[in-house]
Amino acid sequence: MDQTVAEPMTQDVPETDRKTGLSAAEAAQRLERYGPNALQSDEKTLLQRIAGYFWGPIPWLIELAALLSLVLRDWSDFAVIFVMLLLNAAVGFKEESKASSAIAALKAQLAPNARVKRDEKWQEIAARDLVPGDIVRLSIGQIVPADLTLFEGKYLSIDEAALTGESLPVDKAVGDSAYSGSVVKLGEMTGEVTATGMETYFGHTASLVQTTNGKSHFQKAVMQIGNFLIAAALVLVAMIVIVSFQRHNPPLEVIQFALILTVAAIPVALPTVLSVTMAVGAERLARMKAIVSRLVSIEELAGVDVLCSDKTGTLTLNELTVEDPRPAEGISVDDLLRASALACDRDAPDAIDKAVLAAAEGIALDAIETLSFTPFDPVSKRSEAEVRHEADRWQVAKGAPQVIVELAALTDEARKAVEDEVETLAQQGYRALGAAQKRAGQDWEFLGLLPIIDPPRPDAASTIAEARNMGIDVKIITGDHEAIARQIAGKLDLGQKIYPAGQLLDGDPATVEANVRAADGFARVLPEHKFRIVEVLQAGHSIVAMTGDGVNDAPALRKADAGIAVSGATDAARAAADLVLTDKGLSIITTAIEEARRIFERMTSYATFRVAETIRVLLFMTLSILIFDFYPVTAIMIVLLAVLNDFPIMMIAYDNVSVSPRPVRWDMRRVLTVAATLGVTGVVETFVLFWFVDAYLGLPRDQIQTIIFLKLLVSGHMTLFVTRHQSWFWRRPFPALRLFATTEATQLLGTLIAVYGLFVTPIGWGPALLVWLYCLVWLPLEGAMALLIRALYDRRAQARGQ
């Protein structure tokens, strides 16, 4: 049942004299040839990383606007635009370099020193100076410094949990391999280095972490929104410029107006606003004991439809437990547990000893004196003790069932019964320990079996059930045998379709995807299997979350759309993950997904509002200039609109929103359809107002400009209440106080500017109140249009899906 790792990637190395070791000169040559025994990563320079934030469609347009400001010597505009560029770069810089942080944590796992034989002498050297062919001695407590082939020594017991997820130490003998990053628990052996650095099994894991780059769904959505707005802005502004030049308007004024209009229309603050929205959500998750290490993962978490959960330490406690002891006939449970506990190392118990001692808690052991103790070793496969209570002396032993059966010299019939019981336990996912005792003058007596298992976390079953209710398919992934996985899955109601990963991942792409989709879980999994499983699910258009805690989980955590490191995870797993749980248990995952879906609704609300406002302002201005040869607002009014809009949209991050019962993801066609409808509706209502105040009231054009400014401000802010809700805007959940108060405050400020003429022509309270009344009349009409378009779009989408 032991999980094994893949064969090491041995380097082509000349033979070494194992008696003398390498000479210093040969070691130096090999160090030059193979490089240091350290993990490597392709890291960009600081300048390259910073430059990356000023490259792309949105930065290019902003930089062009800044350049035009310099040409026109408009220093204030240049300063504002430059600050926007720096702010966007600062937000991005804070969350970059995930791969490098993962590699740094993996580096920290490597042994800092190694005992090596060189020039016929044993000496301590830095682990990074090891080379293939070096002779290395391993002893208890050491971290294995490189991949080795063991050639001398009695036995070695190595903890490979961080590499394979296997919960029990692995026994090694001459001829076996020991892997870099694992920990020696018992014994002492000597081995020859076969691979160092990135060529080790550990290094292969690190290289998988580095290969998982790519844009998130959030980043792709931002690019789509940005590209749409940029294209619309450039086309409409170009039309305005061409027509203005044909009409012989002053060139500098035309260019300046086009510049300001372009900067106001393009989504300069789009990445920042969405990042702030996610940052506020990340703070809330932090209070729930979940640390977000990559902001865009919040949006990914909202769309997760498959959760791949590592078993050991994630679904289970990673603490071995004795369940339902099976005493032999005539033996009590207490007698079985007492003898097993006496055969433990009570001063320095290993994982199995801890489980046995915990099961024997409450049984009096203190009065029994241990006269001698022989610890477990892979050769004898048992531990043994001689004990005394008053005048009574006897021996106890525990270990592998076949060894204890042999020790007790059972009859063939009794031996067959024990073997059948062990096999039954194995099929149920249990490992079995045998126990025996020998009284003075008597033979060894078989006492029974202790079934051992790593039990599920208390909240695992409820978390899985809740995840399924949220539309998420949960799959178990483990390095253990499928029998153990099925036993745990049965307790968690996960299904029994669990198969070896290598078997499911073998075949053509269509067959592999069908196998992965149909499976409830995967057993005997290697790191490359986990990586591949996530890759296959993503290729099938799933958004995948992966939980884990070990070094072996790091590549898949990094590859997953949302990697989740559970409490107690290794540094490598935490560095590769997007979400790090700092409290025990899995229930925080469903809470985090729920919060992520709220954040997603806020981001969708903002994106819809931003596109609608851009269409409303740009299209109205373009048509006004082309048809009526009239600039409906001045340059300063555009700046005021942009500034006053910024305050309420920043409050979207704190808004109250409903939570979708199913996974959500960006549907840009839906966002743009609803936004375009609201934008065109806004253009129509603005032209109706323009006709009324121009043709009917006959107001001067400078006052009409102020009225249009106020109308665009007031109705634009009211549109925010329409986009934030999938139903009628007056229904629950109501707007958050911060959003409502900020929106009304900026509307009031804009009204005062229009009434009293700050930077604009004053219009007085009469026209201002008329604008407010007009906008309030149109508000339910906008809401009705949004509802109608959403309903029609969703109906067509559902029909296409069927």
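Tutor: Rings of Phe, Tyr and Trp count as a pair when their centres lie within 6.5 Å. Keep in mind that this model is predicted.

Student: Which residues do ring pairs link into a cluster?

Tutor: A search of the whole structure finds 9 aromatic pairs. Ring pairs join five phenylalanines into a cluster: F620, F628, F630, F687 and F690.

Student: What kind of aromatic pair do F628 and F690 form?

Tutor: Two values describe a pair of rings: the distance of the centres and the angle of the planes. For F628 and F690 the centres are 5.4 Å apart and the planes meet at 70°. Planes over 60 degrees apart have their own class. The F628 and F690 pair is therefore edge-to-face.

Student: How many residues apart are F628 and F690, and which helices hold them?

Tutor: This pair links distant parts of the chain. F628 is in helix α24 (residues 587-628), and F690 is in helix α26 (residues 668-696). The separation is 62 residues.

Student: Is F690 buried or exposed?

Tutor: The cut-off for buried is under 20% relative accessible area. Its partner F628 has 41% and counts as partly exposed. F690 has 3%, so the class is buried.

Student: What class does the pair of F721 and F740 fall into?

Tutor: The ring centres of F721 and F740 are 6.1 Å apart. Their planes stand at 40°. Under 30 degrees would be stacked and over 60 edge-to-face, so this angle makes the pair tilted.

Student: Which helices does the pair of F721 and F740 tie together?

Tutor: The two residues are 19 apart in sequence. F721 is buried at 10% relative accessible area, whereas F740 is partly exposed at 42%. F721 lies in residues 701-723 and F740 in residues 737-756, so the helices are α27 and α28.

Student: How many of the 23 residues of α27 are buried?

Tutor: First check the length of α27: at 1.5 Å a residue, a span of 33 Å is expected, and the end C-alpha atoms are 32 Å apart, which agrees. The helix is largely enclosed by the rest of the structure, because the buried count is 20 of 23.

Student: Which ring lies under the charged end of R701?

Tutor: Elsewhere, R137 lies over the face of W122, at 4.2 Å from the ring centre. The charged end of R701 is 4.5 Å from a ring centre. That ring belongs to F630.

Student: Which residue forms a salt bridge with E26?

Tutor: The structure holds 28 salt bridges. In this one the closest N and O atoms are 2.7 Å apart. The two residues are 4 apart in helix α1 (residues 24-34), about one helical turn. E26 is partly exposed at 25%, and its buried partner, at 4%, is R30.

Student: What is the relative accessible area of E406?

Tutor: E406 meets R415 in a salt bridge, 3.1 Å from N to O. Exposed means over 50%. E406 is exposed because its relative accessible area is 52%.

Student: What is the relative accessibility of R616?

Tutor: R616 forms a salt bridge with E613, with the closest N and O atoms 3.6 Å apart. Both lie in helix α24, 3 residues apart. E613 is buried at 5%. R616 also counts as buried, at 0%.

Student: Which residues do shared salt-bridge partners join into one network?

Tutor: A salt bridge needs a side-chain nitrogen within 4 Å of a carboxyl oxygen. Bridges that share partners build one network of E594, E595, R598 and R602.

Key. Residues are numbered from 1 along each chain as its sequence is written. This is a predicted model: local features need pLDDT of at least 70, side-chain atom pairs count only at pLDDT 80 or more; totals for chains, interfaces and linings use all residues. Side-chain values use heavy atoms; hydrogens and water are left out. Rings of Phe, Tyr and Trp (its six-membered ring) pair if their centres lie within 6.5 Å; planes under 30 degrees apart count as stacked, over 60 as edge-to-face and the rest as tilted. Buried means under 20% relative accessible area, exposed over 50%, partly exposed in between (1.4 Å probe, protein chains only). A charge sits over a ring if NZ of Lys or CZ of Arg is within 6 Å of the ring centre and within 35 degrees of the ring normal. The expected span of a helix is 1.5 Å times one less than its number of residues.
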